[in-house]
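The exercises below are meant to be worked through with the sequence and the structure side by side. Try each task before reading the solution that follows.

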Amino acid sequence: MFGIHQSWQSVVAELNRSMYGEEMVCSMSSQLFHIPETENLQGNAEMHSHLVPASYHRVTALGSARRLQSGESARSLMKTLTACIQNAERQDRDVRAGLQVMRNAAPAAYKTFVETIIRWQDYTELHLRNAKQLTSQMTGTR
């Protein structure tokens with residue numbers, strides 16, 4: 001049982017890291033709506049239409065992993081975790097596409113800011129992939 005607890009703990013840790021990155025992406029990209037030069041930045045609103053469900057799926061995956069870590073073991077809970085990780089990955093592809101549009105459209109003074117958001121998205125996705133791999137090992141799924 002200790003090994004299983006440890007493994008779910010590592011999934012929780014990776015999802016926590018992914019959520020932290022998501023917090024930075026959400027905060028920074030939302031901030032652009034409140035800066036006169038970037039309030040209508042091309043790609044931002046469209047990107048947010050995928051960022052919101054990506055965040056929801058990360059939150060749900062993290063809650064599911066926490067429940068598994070604390071000893072719950074329902075197969076439906078493991079399926080929820082797996083599905084939410086996959087759904088977040090799908091939304092992340094469109095988030096990334098929106099961020100590319102934003103970088104291309106950003107005024108010169110804000111290009112570095114948008115590139116920083118992209119680096120946070122890289123971090124977010126890396127840790128989601130790590131969580132997916134660990135979850136796959138735990139559940140025997142792909």
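Helices are DSSP runs of H or I with at least four residues, and they are numbered from the N terminus. The model used throughout is predicted.

**Exercise 1. The overall layout**

Determine how many helices and strands the protein chain has, in which pattern they follow one another, and what the C-alpha trace spans.

Solution. Begin with the count, which gives four helices and zero strands in the protein chain. Reading along the sequence then gives the pattern α-α-α-α. For the dimensions, take the principal axes of the C-alpha trace, along which the protein chain spans about 55 × 20 × 20 Å. To see how the chain is packed, note that 41% of its 142 residues count as buried, and that the protein chain exposes about 7,400 Å², of which carbon and sulfur atoms supply 54%. Finally, consider the contacts between residues at least 6 apart in sequence: 77% of them join residues at least 24 apart.

**Exercise 2. The span of one helix**

Compare the reach of helix α2 with the span expected at 1.5 Å a residue, and describe what G71 does just after the helix.

Solution. Helix α2 covers residues 44–69, which makes 26 residues. The distance from its first C-alpha to its last is 36 Å, close to the expected 38 Å. Moving on to the stretch just after α2, one finds that G71 takes a positive phi of about 115 degrees.

**Exercise 3. Two cysteines without a bond**

Explain why C26 and C84 form no disulfide, and state for each of them whether the residue is buried or partly exposed.

Solution. A disulfide is a covalent bond between the sulfur atoms of two cysteines. The cut-off needed here is that the two sulfur atoms lie within 2.5 Å. The cysteine sulfur closest to that of C26 belongs to C84 and is 16 Å away, so the two are too far apart for a bond. Starting from C84 leads back to C26, again at 16 Å. In agreement with this, a search of the whole structure finds zero disulfides. As for their surroundings, C26 is partly exposed, with a relative accessible area of 24%, whereas C84 is buried at 7%.

**Exercise 4. Salt bridges within and between helices**

Find the partners of E14, E72 and K132 in salt bridges, and work out where the pair of K132 lies along the chain.

Solution. Side chains of opposite charge can pair when their charged atoms come close. The count for the structure comes to seven salt bridges, and three of the residues involved are asked for here.

1. E14 pairs with R17, with 3.1 Å between the closest N and O atoms. Both residues lie in helix α1 (residues 2–31), three residues apart, which is about one turn of the helix. E14 counts as buried at 12% relative accessibility, while R17 is partly exposed at 35%.
2. E72 pairs with R67, and here the closest N and O atoms are 2.8 Å apart. E72 counts as partly exposed at 36% relative accessibility, and R67 likewise counts as partly exposed, at 40%.
3. K132 pairs with E89 at 2.9 Å between the closest N and O atoms. This pair links distant parts of the chain, since K132 belongs to helix α4 (residues 108–139) and E89 to helix α3 (residues 75–105), 43 residues apart. K132 counts as partly exposed at 28% relative accessibility, but E89 counts as buried at 17%.

Salt bridges also link E22, R58 and D92 in a network.

**Exercise 5. A cluster of aromatic rings**

Describe the geometry of the ring pairs that link Y20, W120 and Y123.

Solution. A pair of aromatic rings is described by the distance of the centres and the angle of the planes. The structure holds two aromatic pairs. In one of them, Y20 and W120 have ring centres 5.5 Å apart and planes at 70 degrees, so the pair is edge-to-face. Because Y20 lies in helix α1 and W120 in helix α4, the pair ties together parts that are 100 residues apart in sequence. W120 and Y123 also form an edge-to-face pair, with 5.4 Å from centre to centre and 80 degrees between the planes. These two residues both lie in helix α4, three residues apart, about one turn of the helix. Taken together, the ring pairs link Y20, W120 and Y123 into a cluster. The accessibility completes the picture: Y20 counts as partly exposed at 41%, W120 is partly exposed at 23%, and Y123 counts as partly exposed at 29%.

Technical notes. Residues numbered from 1 in each chain as written. Heavy atoms only, no water. Buried < 20%, exposed > 50% of the residue type's maximum accessible area, 1.4 Å probe, protein only. Expected span 1.5 Å × (residues − 1). Salt bridge = Lys/Arg side-chain N within 4 Å of Asp/Glu carboxyl O. Contact = heavy atoms within 4.5 Å. Areas by Shrake-Rupley, 256 points an atom, 1.4 Å probe, with all protein chains shown as cover. Phe/Tyr/Trp six-rings, centres within 6.5 Å; stacked < 30°, edge-to-face > 60°.
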